[in-house]
Amino acid sequence: MLKPKGFTTRIIHTPYAREDANHALHQPIYSNAAFDFESAEQMELAFQGRLPVHAYSRITNPTVENFELRIKQITGALNVTALSSGMAAVSNVIFLLASAGTNIIASRHLFGNTYVFFESTIKEFGIETRFCDLTNQEEVKANIDSNTVAIFVETITNPQLEVVDLKSLSQTAHEQNVPLIADSTLTPPNVFNAKEFGVDIDVISSTKCISGGGTSIGGLIIDYGTFSWSKSKKLATLSKKFGPYAFNYKLRREIFRNLGACMSPFAAYLQSLGLETLQMRFEKAATNCRELAAFLETMPKVTAVNYPGKQGSAFEAISRQQFGDYPGAMLTFDFATREACFAFMNNLELIRRATNVYDNKTLILHPASTIYCDFDRETREVLHVFDTTLRLSLGIEDIEDLKSDLMQALNKIE
Ligand SMILES: *Cc1c(COP(=O)(O)O)cnc(C)c1O
């Protein structure tokens, strides 16, 4: 039996977990809540987890399962769980690992909602987040103690575009018996192999590149089976019975089920289809990003351009090591004033003013006045979100059209 090796081939030819009754060539949308059983005995076995069938779509669903299987094929993960959003993936992982009196190590450079989740939501449940500079291993070590349950990092931080050396961070984490959790939304699995860089649990907002052009909201928890859960206070007992499956057991049989943030079959269908073209779309968007970063650098009114793949960027070498030729499809650039940022945005004719990233369309926003509008200016400065910065997420349009739009918008500002 031929075993395909190519990234896209593996996605497209992922076998179904169970054949469809009508031999549909694409996994159909099973949009039902419950599944039928032939006998009470079968039902008992299913509920005990001893029969691999579906019972209720909040727990498992064939369309969602097929999407999870495709992600498993390309990541080499032990277990994959699809959820209703990227935030659901983040919150499920944290509720699984943490409890009152424990702490998490993270940078302040985080996606806005994740930051508030750490800084406020879980604090109210007695979970502390120790914010520190994850590029500084000494600082990380000094913050870890026996109550640390996870280190959480974004592979490219949004919108600061900082890149941490993940192998070093993972080494620090593992020396202290702590799992490394990474949000790799900005570096999808075709360019970044999280397992190879020592990530134990990966979370992804599949709303972004995987969805196939901003078609739906979704999230993923990817468990590589690399962490020894006997070292986790909360999972030590389960790990005696389930070994590397302890995390997944706790997730599937308790946290994910009880928090109820499952992916809908319709979203799974769209995202499964989106996944088939992920590699092509992302390579195009990331190439557009590289070219536009260079283009914006030459513009006199632009005072700074930030992109991890930029020549001379402090993160250029580490980005290349970790993400190869495609260090993300997002850049930021600055004007002298906030007014110039607004005027520039308003002049754009093709590039859309919208808050998503990794859509097929190129999107722009002013982070300080939108995602970070609930924070005062001092807090924003601590987060390195400045009034003079615009964020551009590259789509898959033809580069000349993007350049023309940027050019005409630049020419019109004072
Ligand atoms: C969008 C995003 C999230 C949240 O995902 P949703 O699907 O919107 O809930 C988390 N992390 C990063 C880096 C993101 O870009």
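The lining of the largest pocket in this predicted model divides into 14 nonpolar, six polar and seven charged residues. The volume of the largest pocket is about 940 Å³, and of the 27 residues that line it, those closest to its centre are G49, P52, T60, N248 and R252. Several elements contribute to this wall, and those that give two or more residues to the lining are α2 (40–47), α3, β1 (79–83) and α9. The largest share of the lining of the largest pocket comes from α9, which supplies five residues.

Where, then, does the ligand sit? The ligand is found in the second largest pocket, whose volume is about 420 Å³. Of the 25 residues that line this second largest pocket, F111, N158, T185, S205 and K208 are the closest to its centre. The elements α4 (86–97), α5 (112–121) and β6 (201–205) each give at least two residues to its lining, and by class the lining of the second largest pocket is made up of ten nonpolar, eleven polar and four charged residues.

Turning from the pocket to the ligand itself, the residues around it are S85, G86, M87, F111, N158, D183, T185, S205, T207, K208 and G218. By class, this shell holds two nonpolar, seven polar and two charged residues. Within the shell, three side chains can be followed to oxygen atoms of the ligand: an N or O atom in the side chain of S205 is 2.8 Å from a ligand oxygen, a polar side-chain atom of T207 lies 2.6 Å from an oxygen atom of the ligand, and a polar side-chain atom of K208 lies 2.8 Å from an oxygen atom of the ligand. How much of the ligand's exposed area does the protein bury? Taken alone, the ligand exposes 380 Å², and the protein buries 90% of that area.

One of the residues around the ligand, N158, also takes part in a backbone feature, for the peptide bond that runs from N158 to P159 is cis, with omega near 10°. The residue on the far side of that bond, P159, is found in the loop between β4 (148–154) and α7 (166–175). L161 is likewise found in the loop between β4 and α7, and its phi is near 60°, a positive value in a residue other than glycine. A reader who follows the chain through this loop will therefore meet the cis bond and the positive phi in turn, and N158 can be looked at again as one of the residues closest to the centre of the second largest pocket.Beyond these open pockets, the structure holds four cavities of 30 Å³ or more. The largest cavity has a volume of about 50 Å³, and its lining is formed by S57, R58, I59, T60, N61, V64, E65, E68, R252, F256, C262 and M263. Two of these names, T60 and R252, have already appeared among the residues closest to the centre of the largest pocket. Both α3 (62–75) and α9 (246–259) supply at least two residues of the lining of the largest cavity, and the largest share, three residues, comes from α3. By class, the lining of the largest cavity has five nonpolar, three polar and four charged residues.

The second largest cavity has a volume of about 40 Å³. Which residues line the second largest cavity? They are C209, R281, F282, A285, A329, Y358, D359, N360 and I396, and they divide into six nonpolar, one polar and two charged residues.

Definitions and conventions: Residues are numbered from 1 along each chain as its sequence is written. This is a predicted model: local features need pLDDT of at least 70, side-chain atom pairs count only at pLDDT 80 or more; totals for chains, interfaces and linings use all residues. Side-chain values use heavy atoms; hydrogens and water are left out. A residue is near a molecule or strand if one of its heavy atoms lies within 4 Å of it. A polar contact is a pair of N or O atoms within 3.5 Å; within protein, one must be able to donate a hydrogen and the other to accept it, and residues adjacent in sequence count only if both atoms are side-chain atoms. Accessible areas come from the Shrake-Rupley method with a 1.4 Å probe; for residues, only the protein chains shown count as cover. On a 1 Å grid over the protein atoms alone, a cavity is a set of points where a 1.4 Å probe fits but cannot get out, and a pocket is an open set with protein on both sides within 12 Å along at least five of seven lines; lining residues have an atom within 4 Å of a point. A molecule sits in a cavity or pocket if more than half of its atoms lie within 2 Å of its grid points. Ala, Val, Leu, Ile, Met, Phe, Trp, Tyr, Cys and Pro count as nonpolar, Asp, Glu, Lys and Arg as charged, and the others, Gly among them, as polar. Grid points are joined across faces, edges and corners, and a volume is the space filled by probe spheres set on the points. Helices (H or I, at least four residues) and strands (E, at least two) are DSSP runs, numbered from the N terminus.
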